[in-house]
Amino acid sequence: MKKKIIAAVLVSGLAVSTVAMAGWGRGGGNPAGCYCGQQGGYYQQLDPATQEKLDAFYNDTADLRKQMVMKQAEHRALLNSDNPDPAAASKLAGELFDLRTSITEKAEAAGVDQYVGPRGPRGGGMGRGMMGGGGNRF
């Protein structure tokens, strides 16, 4: 019975981490995947006021994004270890979720949520065709 519970928690942790790693950690040129710095053409097409908002958001969330990258690395290392601890993996997955939520809230407050995260440029979501979404996420 105990082995089944541990296996279920491990599978759940792997599923959560797979979803989390599949899109939230890639993207626009910085370690946390936030598509909001001066990365090429998209940024250059924005008006100066929006560029300033994105720059401010990027600077304000630098610590949160750093924490996210560190937790992602810790989570990957934990899951790839010989004897992963399901409770620790679950805790890290929850912390990653909380960090993403904080970044999303800050993006909404800064008025740049349409430019970053899963709905941002080249992000999933509607309007780009069936397979048209990319992977730029926080």
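The following exchange goes through the helices, the core and a few residues of a predicted model.

Student: How many helices and strands are there in the chain?
Tutor: From the N terminus on, the elements run α-α-α-α-α. The model is a prediction. The count is five helices and zero strands.

Student: What share of the 138 residues in the chain is buried?
Tutor: The chain exposes about 8200 Å², and carbon and sulfur atoms supply 57% of that area. A residue counts as buried under 20% relative accessible area. By that cut-off the buried share of the 138 residues is 35%.

Student: Which helix gives the most to the largest nonpolar core?
Tutor: This core has 13 residues, and L54, F57 and V112 have the most contacts inside it. Helices α3 (48-60), α4 (62-80) and α5 (86-110) each supply at least two of its residues. In soluble globular proteins, nonpolar side chains tend to be buried together. With four residues, the helix that gives the most is α5.

Student: Why does the end-to-end distance of α5 agree with its number of residues?
Tutor: Helix α5 has 25 residues, and the rise used is 1.5 Å a residue. The expected span is 1.5 Å times one less than the number of residues. That gives 36 Å, and the distance agrees because the end C-alpha atoms of α5 are also 36 Å apart.

Student: Which residue caps the N-terminal end of α5?
Tutor: The cap is a polar contact to the backbone nitrogen of A87. A side-chain oxygen lies 3.3 Å from that nitrogen, and the residue supplying the oxygen is D85.

Student: Which residue follows α5, and what is the sign of its phi?
Tutor: Helix α5 covers 86-110. The residue after the helix is G111, with phi near 75°, so by the sign of that value phi is positive.

Student: Is H75 buried or exposed?
Tutor: H75 lies in helix α4. The cut-off for buried is under 20% relative accessible area. H75 has 1% relative accessibility, so H75 counts as buried.

Student: Which backbone oxygen does the side chain of H75 reach?
Tutor: The contact is at 3.1 Å, and a polar contact requires N or O atoms within 3.5 Å. The partner is among the buried residues of α5, which include P86, A89 and L92. The oxygen reached is that of A89.

Student: How far apart in space are A93 and H75?
Tutor: A93 lies in helix α5, whereas H75 lies in helix α4. A93 counts as buried at 14% relative accessibility. The two residues are 18 residues apart in sequence, and their C-alpha to C-alpha distance is 7.4 Å.

Notes. Residues are numbered from 1 along each chain as its sequence is written. This is a predicted model: local features need pLDDT of at least 70, side-chain atom pairs count only at pLDDT 80 or more; totals for chains, interfaces and linings use all residues. Side-chain values use heavy atoms; hydrogens and water are left out. A nonpolar core is a set of buried Ala, Val, Leu, Ile, Met, Phe, Trp, Tyr and Cys residues joined through side-chain atoms within 4.5 Å. Buried means under 20% relative accessible area, exposed over 50%, partly exposed in between (1.4 Å probe, protein chains only). A polar contact is a pair of N or O atoms within 3.5 Å; within protein, one must be able to donate a hydrogen and the other to accept it, and residues adjacent in sequence count only if both atoms are side-chain atoms. Accessible areas come from the Shrake-Rupley method with a 1.4 Å probe; for residues, only the protein chains shown count as cover.
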